[in-house]
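Here is a short tour of one chain, meant to be read with the model open beside you. Take a moment to turn the view around before reading on.

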Amino acid sequence: MAPLLQADTVSMSFGGVHALSGVSFELHRGETLGLIGPNGAGKTTMFNCITGVLPSYRGHIYYDDRDLRNLKPHQRARLKIARTFQNLELFDELSALDNLLLPLEAFSQRGVIGDLLRLPRTVFDERQAQEKARAMLHFINLGDCADTPAGDLPVGLQRRLEVGRALSLEPRLLLLDEPGAGLDARETAELARLLASVRARFKVTMLIVDHDMALIMRICNRIYVLDNGQVIAEGSPEQIRDDPQVVRAYLGEAPAIAAGGAG
Amino acid sequence: MLASASWGLLPGYTVIGITLGGIYALAAIGLVLIYRVSGVLNFAQGAVSMFSAFIAYQVSIVMGYPALVGLLAAIVAGGAIGYVIERFTIRPLAGRSALSKVVVTIGWLLVLQTAAGLIWGQTAYHRPVQLVSIHGFTFPGTSVVVGWDEFTTIVVALGLALGTAAVLRWTTFGTSMRAVADDPDAARLWGINVNRVMAVSWVAGSAMGAIAGVLITPRINFDPISLTIVVIDAFTAALIGRLTSLSWTVIGAMFLGLAETYPRIFSSNAGAGSAVTFALVLLTLAILFRPGTRLVQRISAGREYVPVPATDNLPVRRVIVAAATGLGIVVPLLLSSYYQSLAAYSLIVGLIVLSLVVLTGLVGQISFCQYSFAAIGAFTVGSLVGGHGWSFWPALLLGVVFAIGVGVLVGIPALRLSGLFLAILTIAVTLFFDHFLLAPGTWDSFSGGISSWTLGRPSFLGISLAGAYAFYLFTLGVFLAAVLAVWNLSRSKTGRVLRAIRNSEIAAATSGVNLTAWKLAAFGVSAGLAGLAGGLLAVGIGSVSAGAFAFQQSLAVAAIAIVVGVRSVGAAAVGGIFLIFGPELLTHTPLSTLWFPLIVGSILILQVILTPQGVVPDWQERFRKRFPSQPRFPRAPESPAVAPTPDLAAAEAPTMVKV
């Protein structure tokens with residue numbers, strides 16, 4: 001069976017900076033794939049290309065054998081690709097519950113007219129969506145905060161709310177951009193448990209970007225290592241841990257840095 | 001149509017165009033200077049130029065001093081006004097969104113324009129301040145005569161542009177200005193007196209505006225409004241220079257001057273220049289702000305995060321709404337029919353404020369062209385009923401549909417623009433309507449030309465609305481229905497989606513929200529509401545003429561919407577009442593209705609500084625504190641925005657599925 005997501009020599013540059021140069025990888029159904037690499041390696045750029053936030057990449061990204069090239073971000077979301085953000089992008093003014101409600105409602109066909117008149121159908125749909133959102137809120141353990149504006153939640157809870165919002169989309173592919181950033185050891189452990197239960201319950205294919213090797217090693221089946229916009233290694237967590245090139249990229253041997261500066 | 005002799009005018013018009021361009025360049029350089037250093041798009045730039053030009057008029061025409069003394073007085077006045085604006089109304093807003101600073105400059109625009117109108121007459125003829133003789137010389141090698149005044153204007157404009165560039169590049173102070181422009185906080189750490197640098201940029205930019213104002217007086221109608229809206233030309237030139245490049249700004253200004261002048265060779269329509277400006281604004285915005293990079297590199301208008309209260313005291317709210325409706329039905333019964341009519345107009349204007357509640361309150365987009373949308377409704381009804389004998393109701397429906405259509409059209413460029421640039425665009429739209437589309441000679445079968453459409457009141461369900469009270473009750477019904485609809489909108493999917501877009505476009509898009517469709521829908525709803533108001537106003541007043549839908553009213557209604565609070569549906573009624581009964585109240589005081597925009601502008605400035613959320617939400621907040629309601633669900637424990645406390649984390653842990 002063809003992979004769920006396939007990046008084929010994807011390149012992206014900003015002015016003279018080559019954020020990605022010819023990155024290729026495959027993500028199979030049911031897999032939890034890790035994408036690691038030092039800062040500026042191009043991990044978030046890759047996410048932005050996959051979700052259509054940066055539409056002007058070169059190369060191809062296939063999802064379910066379909067080229068995503070001309071699809072807008074919301075159209076890609078409708079193909080059940082969900083993501084979280086490194087710098088939390090919650091809807092701060094909306095309550096936690098409404099944050100989870102939003103992806104559910106974005107998919108419904110209800111429009112402005114129904115809302116203006118508040119037709120019975122609208123009210124019925126809204127109730128149903130609220131039930132689903134509430135269930136999700138309990139799953140991510142934020143049941144107590146339904147009415148709290150998302151912007152008022154502590155960072156740890158905001159991270160979980162973002163995961164919940166992505167899950168509300170009922171994704172087949174879940175992209176997590178540094179879900180562990182800014183969390184302490186206890187929160188990271190909780191997050192790892194949450195992600196494990198997400199995988200068990202939603203059967204979702206995941207692509208995770210993070211610096212936290214412990215987190216990545218713990219939940220990923222397979223890992224790609226990016227450096228300077230290129231894939232420098234690929235393999236199981238054990239293989240990656242022992243790969244000399246990876247160690248060099250992370251610990252920053254002099255030649256590697258010089259090459260990066262020139263690019 | 002095109003007489004071949006017209007082409008012979010081309011060289012002469014080129015000189016006129018370049019001269020005009022030179023003046024625009026001066027105003028635009030002042031604008032760019034202020035924008036680069038303090039980050040504020042100064043909508044009052046034209047008003048400052050205008051007020052300073054009138055100071056020159058006062059000194060040299062009224063008091064009889066030489067024109068150069070007048071110019072000096074104008075420069076001093078311009079600098080002083082610039083200083084006052086920066087020191088007392090912009091500096092206190094440090095750290096607030098760029099949009100709130102823009103709103104303050106809009107307030108100043110209203111204040112200065114009204115004050116000048118009160119002192120020197122809003123529409124009276126004023127003799128221009130002629131600095132240099134209009135006699136000239138023949139340009140070498142041609143037969144074109146260049147006036148000394150034109151020559152001086154071009155030289156002064158280019159000289160000041162070069163001088164500003166030189167100061168910015170080669171002097172220490174220029175360096176600190178550029179440092180402040182890049183990063184005020186970092187500049188402060190380096191020991192630069194940021195406040196002083198900003199004040200200097202405002203003083204210098206405004207003084208340049210003053211020179212532009214004096215120079216332009218012989219070239220356009222010398223009255224408060226015409227000079228104030230020169231700011232749009234300055235913006236256009238500055239936009240061509242991407243609001244940063246001085247040389248491109250000058251080139252843009254010259255181009256604009258020529259583009260506005262050439263149509264006059266062929267067209268007697270005085271508004272053709274406005275149409276050109278409008279087209280250029282659109283074109284520049286379209287070229288400079290291409291799609292694709294929008295989601296990542298947004299030109300931030302600044303976000304002001306105002307948490308929406310999660311709970312609402314519904315029973316109390318219902319009592320208040322019922323009581324207000326009851327009073328609204330009964331009280332006008334006790335009034336004369338004149339006041340009943342005024343009450344009806346209040347509600348109609350309230351609808352326009354409501355249209356801004358949708359656009360500004362939900363989408364977070366500011367608009368200064370709501371009266372233009374209303375005008376579409378009004379003129380559709382006017383021309384169809386007054387001109388073609390249609391019945392009122394289908395005409396009103398069509399008017400609303402047209403308004404929605406135009407709203408969506410305005411919304412399309414707005415998709416790519418953040419608040420500030422959209423504000424420029426909407427002002428350009430207003431001027432396009434005022435000076436071109438609705439001006440006599442452009443489309444008389446729609447605008448009625450120099451005459452106005454007259455039409456009678458319709459009947460509703462067999463009841464004639466000719467009586468003042470009947471019409472009032474009808475507008476009350478329409479208004480309440482519209483308020484209910486907008487309230488429905490704001491608390492259901494549409495409201496959530498629009499708020500989500502305002503909070504984070506990127507997250508909304510990747511959650512499956514079609515940004516384009518929803519923003520356009522909001523523009524459509526907003527324009528449709530304004531169009532409905534316009535149609536009602538047409539039959540309410542009984543006649544439609546172009547003068548009724550002017551630039552100043554669009555600004556005033558936007559100002560009022562911001563003052564009373566664009567996030568509150570209830571604010572619409574308060575805003576409408578204020579806008580109609582405010583001028584009425586003034587007739588009973590020593591002041592006249594002419595003072596009204598000045599008062600609105602002053603309140604606007606004070607309000608932005610004192611209660612950023614708006615007056616009505618501020619009251620509501622106080623009210624909520626006095627009558628708290630039981631939350632539907634317990635709120636999260638008040639924890640600081642760092643890590644949660646260990647016991648909270650421990651309490652959550654057991655329900656986690658262990659693998």
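Which residue in E9(A) is the bridge partner of A:Leu33? It is A:Arg222. This is a predicted model, where local features need pLDDT of at least 70, side-chain atom pairs count only at pLDDT 80 or more, and totals for chains, interfaces and linings use all residues. Residues are numbered from 1 along each chain as its sequence is written, while chains are lettered from A and ligands numbered from 1 in the order in which they are written.

**The sheet.** Strand E3 (residues 32–36) and strand E9 (residues 222–227) of chain A pair in the parallel sense over 4 bridges. Strands (E, at least two residues) and helices (H or I, at least four) are DSSP runs numbered from the N terminus, and two strands pair if DSSP finds at least two bridges between them. Chain A has an open sheet of 6 strands with mixed pairing, in the order E6-E7-E8-E3-E9-E10. At its edges lie strand E6 (81–83) and strand E10 (230–235) of chain A, each pairing on one side only. From one strand to the next, the twist averages 20 degrees; axes are lines fitted to C-alpha atoms (for helices over the stretch in contact), with angles from 0 to 180 degrees between N-to-C directions.

**Two loop residues.** Both entries below are residues other than glycine with a positive phi. Partly exposed means between the limits for buried (20 or more other C-beta atoms within 10 Å) and exposed (12 or fewer), with C-beta atoms placed from the backbone.

| Residue | Phi | Loop in chain A | C-beta neighbours within 10 Å |
|---|---|---|---|
| A:Asp64 | near 55 degrees | between strand E4 (58–63) and strand E5 (66–67) | 16, partly exposed |
| A:Arg118 | near 50 degrees | between helix H4 (112–117) and helix H5 (120–139) | 17, partly exposed |
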